[in-house]
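The exercises below are meant for someone opening this structure for the first time. Please try each task with the sequence and the model in view before reading the solution that follows.

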Amino acid sequence: MSAKTDVKAYRGFFTVTLICLFVLYAPLIVVTVYSFNDSLSITVWQGVSLRWYADVFTGVESAKFKTAAFNSFSIALIAATVSTLIAIASATALVRAGRFRLRLPSMGLIMLPIMVPEIVLAVATLIFFNSIGFTRGYLTILVAHISFCIPFAFLPIQARMQGIEDTYEQAAMDLYASRAQAFRRVLLPLMVPGIISGFLLAFIVSLDDFIITNFVKGAGVETLPTAIFGSVKQGIKPNIMAISTMLLAVSVIFVAVSYLAAKWDNTKSHLKTDPAR
Amino acid sequence: MTDSSTPAVDIENAAKRYGDFTAIKSMSLSIRDNEFFTLLGPSGCGKTTLLRMIAGFEDVTEGAIFLFGSEIEQLPPNKRPVNTVFQNYALFPHMTILENVSFGLEMQGNSRVDAHKRAGEMLELVQLSEFAQRKPAQLSGGQQQRVALARALAPSPRVLLLDEPLSALDLKLRKAMQIELKHLQRETGITFIFVTHDQEEALTMSDRIAVMSAGELQQLGEPRDVYERPRNRFVADFIGDTNLLEVAITDIADNLASCHVQGGHQIQCGASEGVSKGMTAHLSVRPERLLLSAAPAEEGSLRASVKENIFVGTDITTLLTLDGGPDLTVRTSNSARGAARVFDPGADVFVTVEAGAARLLIN
């Protein structure tokens, strides 16, 4: 593409870029900067300090936050693991089983949690738990998280799998590997980047979820987002900014690793198939 | 042990259909043990499908395939004593070269130590020992090709299937690999079934060639047989270059047919089966079996005029037009001997068909 027809040459390109960046990141920057503010007020700057970070771990609300953090991270870990396993199985079926009836509907069903408005999913999940008499608590959050994390784990794994030619498994089976051995020794190792990416994405989506969690959590069981929300209802204190900044850091790291994992190519050895065939 | 007369692979009325589409029409052929056998044909002729049916990656719709006398349709690929060299090699990218080559041996139940030892020997055979610890991506195309070969040969298959394994290599390397493959087949005594669309490659390497087109076997024979005695127009045209002339049979005597070519020319040639007086057929003459001269030869020559000479290195290709008739291509070797038989464009010349070189084809 020539520099003359490049989108960068459009008039106002630079201004629009600045506006976009500002709208997207200004709130995050404000929260991050003010989390280091040595002041009781959230708007008046009084110099740099780590006192609110210390407050998160030792202040009056620290016990509540610690329990919430434990809940959040343990739920995210289990939900991401289970949903990744389900996603691996679904991706294998949908990508490797060729064409079968209901393939497209199956795909749609897996992707549904991403399409449906979250509030609808939250209400539906709540009604479901009530109707089967499932007492709300830690377990209901976990089950709900596993179910809505599946599409997020599924997407990178499926994309990865589509990029792996099936000749690798054929070669493995040609060399006396059973189906299971071909899957374990050849396909699975090649899928690892997609699996890591899917797992991290599911983890972060679970860690971050508020709406569904707020609906299905039992009284007294809090995750970080619901705990923060509860705290904010009594007025925003700078310790919320500190906690948000820490969550932001975790998210950035996970999303970055997830992105890098998805781009990591460990299949780069095969030659392009000869077009003459 | 099976006795030596049992074919390595016996294909009996095997057909392959995908819904309405027929990839392979009912086909029968026997591949002998210790043979370098080639399936040759243009893209989409079904040769790769047939290979995949033998390997077990495609079901046989009808008929049966026998491997050393036993039916194999019910066996999955991992239970068949055949190995494949894939067109894109399909080397496992996450394993080292040594791990790739020992994979089949380990899957057969050998211990890792034994498998690595035998794999090391195979790498020595293909002269890649120093690359044992590298990953496939670090090797050149030619080296990857040899790894794929070592990997497929390591478990000592009874039949080796090769799916256009040389098509991704450049010409020089391809020629060298053709010789190497041929030697390897002789040394190991394993039956090779080689798929290619390159007729020259097939002629160079094979003990026997099966020429396929549109899912059908066109001709089966030794390279010289297929080249010099093509059974039909497709084979004559696909293998090598040829002049295909439409002729009318005016007389048959002493098993010799007199063929009338447009423009009043007569060519005598052996009457093949099914030829009768009065019918029209095609005459195939290889360009290198035609001779040009300034004066007519005793056995009878055709009048023509030279249109163009094309220099192709080893040969000079001359395009000429028979007086009042069709065009012909003549190939003369680029040598002092051949120079006397090359004439400038516009020159009137005589063309002589070498005795026994013309082949009458009725379909």
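## Exercise 1: Getting to know chain B

Task: describe the secondary structure of chain B, and then the box that its C-alpha atoms fill.

Solution. Begin with the secondary structure of chain B, which comes to nine helices and 20 strands in what is a predicted model. Next, take the C-alpha atoms of chain B along the principal axes, where they fill a box of roughly 75 × 45 × 40 Å. Then turn to burial: chain B has 363 residues, of which 52% count as buried. Finally, consider the contacts in chain B between residues at least 6 apart in sequence; of these, 66% join residues at least 24 apart.

## Exercise 2: Where the two chains meet

Task: work out how many residues each chain gives to the contact, and which elements of chain A give two or more residues to the side that touches chain B.

Solution. As a first step, count the residues in the contact, to which chain A gives 27 and chain B gives 40. Between them the two chains bury about 2900 Å², with 59% of this area on carbon and sulfur atoms. The second step is to look at the polar side of the contact, where eight residue pairs are in polar contact, both residues being at pLDDT 80 or more. Two elements of chain A, α7 (167-174) and α8 (179-208), each give two or more residues to the side that touches chain B, and α7(A) gives the most, with seven residues. By residue type, that side of chain A divides into 12 nonpolar, nine polar and six charged residues. As a last step, look for salt bridges between chain A and chain B, where the count is one: B:E106 pairs with A:R185, with the closest N and O atoms 3.7 Å apart.

## Exercise 3: Helix α2 of chain B

Task: decide whether helix α2 (residues 97-107) of chain B is mostly covered or mostly open, and say what its buried residues pack against.

Solution. Start by counting along the helix, which is mostly covered, since 10 of the 11 residues of α2(B) are buried. Among the buried residues are B:I97, B:F103 and B:M107, and B:E106 is listed with them. Now follow their surroundings: the buried residues of α2(B) pack against α7 and α8 of chain A, together with α3 (112-125) and α4 (141-153) of chain B. Just after the helix, B:G109 takes a positive phi of about 105°.

## Exercise 4: Classing single residues

Task: class A:T223 and B:A253 as buried, partly exposed or exposed, and place each of the two residues in its chain.

Solution. A:T223 lies in the loop between α9 (211-216) and α10 (224-233) of chain A. Its relative accessibility is 3%, and A:T223 therefore counts as buried, because buried means under 20%. Leaving aside neighbours within four places in sequence, A:T223 is in contact with A:A68, A:S72, A:I75, A:I141 and A:T213.

B:A253, by contrast, is found in strand β11 (residues 243-253) of chain B. At 39% relative accessibility B:A253 counts as partly exposed, because this value lies between the cut-offs of 20% and 50%. The C-alpha atoms of B:A253 and B:T188, which are 65 residues apart along the chain, are separated by 51 Å.

Key: Residues are numbered from 1 along each chain as its sequence is written. Chains are lettered from A and ligands numbered from 1 in the order in which they are written. This is a predicted model: local features need pLDDT of at least 70, side-chain atom pairs count only at pLDDT 80 or more; totals for chains, interfaces and linings use all residues. Side-chain values use heavy atoms; hydrogens and water are left out. Contact means heavy atoms within 4.5 Å. Buried area is the accessible area (1.4 Å probe) that two parts lose on being put together, summed over both. A salt bridge is a side-chain nitrogen of Lys or Arg within 4 Å of a carboxyl oxygen of Asp or Glu. A polar contact is a pair of N or O atoms within 3.5 Å; within protein, one must be able to donate a hydrogen and the other to accept it, and residues adjacent in sequence count only if both atoms are side-chain atoms. Helices (H or I, at least four residues) and strands (E, at least two) are DSSP runs, numbered from the N terminus. Ala, Val, Leu, Ile, Met, Phe, Trp, Tyr, Cys and Pro count as nonpolar, Asp, Glu, Lys and Arg as charged, and the others, Gly among them, as polar. Buried means under 20% relative accessible area, exposed over 50%, partly exposed in between (1.4 Å probe, protein chains only).
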